[in-house]
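User: I am new to this structure. Please take a close look at the aromatic ring pairs, and show me how they sit in the rest of the chain.

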Amino acid sequence: TQAWNENFDAVILTDRRDDDGLPQYSLWWDEIRDFLDWAHLHARAHLHFGWAAHAALAHTHGIEIHGRPQRIDARVVHRVVRRQSYLLRGVDDEFAVYARWQRRLAKQFLVEAPGIELLAESITGEPYLLRTYDRRSLYALHQPLGDAGPGASPRVGASHAALLIGNWLNYYLYQPTSLPRVGLGTRGPQR
């Protein structure tokens, strides 16, 4: 289509709620890889959630994704690993995210993947929020969208999602743009 020839500020890629399998065994894996390659060339910033984050890490960075013997549906406490990140501004040191874990990404694979930084993890040490060093790509390995899980206030998940997406839009997408700066001076150090 015409969009394939256009450039965009950002692309947000999310998952379907019923897609729990490993990305590389998906029926549409070829199309997902084509889209990820296109997005790398035609969008300045990328935000990936859930299954899409696992797919992007596997395809773009060669990180191995493994299945779990049983899916976990739970409200999981996470902790900030890199407090000085603008992306986590306003987020508590520990925060809850409703996790639907069918896939697993072991931390040791992140060490082998150049250019990836861990920003937040579960209290059991499983990665949750990752970014590339150039701040073009952000990976949230669960869907932080308004669903804090059974028995929890929906505001818990919604507030985390709002902060995450708002900080991404503000600090990673729009502030780094090259706009004319008349009388504004120079930009300070980036975090």
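Analyst: What follows starts with the whole chain, turns to the ring pairs, and then visits a pocket and a few single residues.

The model is a predicted one. Its chain has 191 residues, and 47% of them are buried. The secondary structure amounts to 4 helices and 7 strands. Along the sequence they follow the order β-α-β-α-β-β-α-β-β-β-α. Contacts often bridge long stretches of sequence. Take the contacts between residues at least 6 apart: 67% of these join residues at least 24 apart. The accessible surface of the chain is about 10300 Å². Carbon and sulfur atoms account for 53% of that surface.

Now the rings. A pair of aromatic rings is described by two things, the distance of the centres and the angle of the planes. How many aromatic pairs are there? The count is 4. One of them joins Phe-35 and Trp-38. The centres of these two rings are 5.6 Å apart. Their planes meet at 35 degrees, so the pair is tilted. An angle from 30 to 60 degrees is what earns that word. Phe-35 and Trp-38 both belong to helix H1 and are 3 residues apart, so about one helical turn separates them.

Is Trp-38 buried or exposed? Trp-38 is buried, because its relative accessibility is 10% and the limit for buried is under 20%. Phe-35 has 23% relative accessibility, so Phe-35 counts as partly exposed. These two rings also belong to a cluster. Ring pairs link Phe-8, Phe-35 and Trp-38.

A second pair to look at is Phe-95 with Tyr-128. This pair is tilted as well, with 6.0 Å from centre to centre and 55 degrees between the planes. Which parts of the chain does the pair link? Phe-95 lies in strand S4, and Tyr-128 lies in strand S6, which spans residues 127-132. The two residues are 33 apart, and the pair links distant parts of the chain. Phe-95 has a relative accessible area of 8%, so Phe-95 is buried. Tyr-128 is buried too, because its relative accessibility is 0%.

Helix H1 has another part to play. Rolling a probe the size of a water molecule over the atoms shows where empty space is left. The second largest pocket holds about 200 Å³ of space. It is lined by 16 residues, and those closest to its centre are His-40, His-46, Thr-60, Ser-137 and Tyr-139. Which elements supply at least two residues of this lining? They are helix H1 (29-42), strand S2 (43-49), helix H2 (50-61) and strand S7 (137-140). By type, the lining has 8 polar, 5 nonpolar and 3 charged residues.

Next come the loops. Arg-82 sits in the loop between strand S3 (66-80) and strand S4 (94-104). S4 is also the strand that holds Phe-95. Arg-82 counts as buried, because its relative accessibility is 19% and the limit is under 20%. What does Arg-82 touch, beyond its neighbours within four places in sequence? Its contacts there are Leu-88, Glu-117, Leu-118, Leu-119 and Arg-131.

Arg-135 is in the loop between S6 and S7. Its phi is positive, at about 65 degrees, although Arg-135 is not a glycine.

Gln-143 follows in the loop between S7 and helix H4 (154-174). Its relative accessibility is 9%, so Gln-143 is buried. In sequence, Gln-143 is 128 residues from Asp-15. In space, their C-alpha atoms are 8.3 Å apart.

Helix H4 contains Gly-166. At 33% relative accessibility, Gly-166 is partly exposed. Gly-166 and Leu-87 are 79 residues apart along the chain, with 8.6 Å between their C-alpha atoms.

To return to the rings: Phe-35 and Trp-38 pair within helix H1, whereas Phe-95 and Tyr-128 pair between strands S4 and S6.

Conventions:
Residues are numbered from 1 along each chain as its sequence is written. This is a predicted model: local features need pLDDT of at least 70, side-chain atom pairs count only at pLDDT 80 or more; totals for chains, interfaces and linings use all residues. Side-chain values use heavy atoms; hydrogens and water are left out. Buried means under 20% relative accessible area, exposed over 50%, partly exposed in between (1.4 Å probe, protein chains only). Contact means heavy atoms within 4.5 Å. On a 1 Å grid over the protein atoms alone, a cavity is a set of points where a 1.4 Å probe fits but cannot get out, and a pocket is an open set with protein on both sides within 12 Å along at least five of seven lines; lining residues have an atom within 4 Å of a point. Grid points are joined across faces, edges and corners, and a volume is the space filled by probe spheres set on the points. Ala, Val, Leu, Ile, Met, Phe, Trp, Tyr, Cys and Pro count as nonpolar, Asp, Glu, Lys and Arg as charged, and the others, Gly among them, as polar. Rings of Phe, Tyr and Trp (its six-membered ring) pair if their centres lie within 6.5 Å; planes under 30 degrees apart count as stacked, over 60 as edge-to-face and the rest as tilted. Accessible areas come from the Shrake-Rupley method with a 1.4 Å probe; for residues, only the protein chains shown count as cover.
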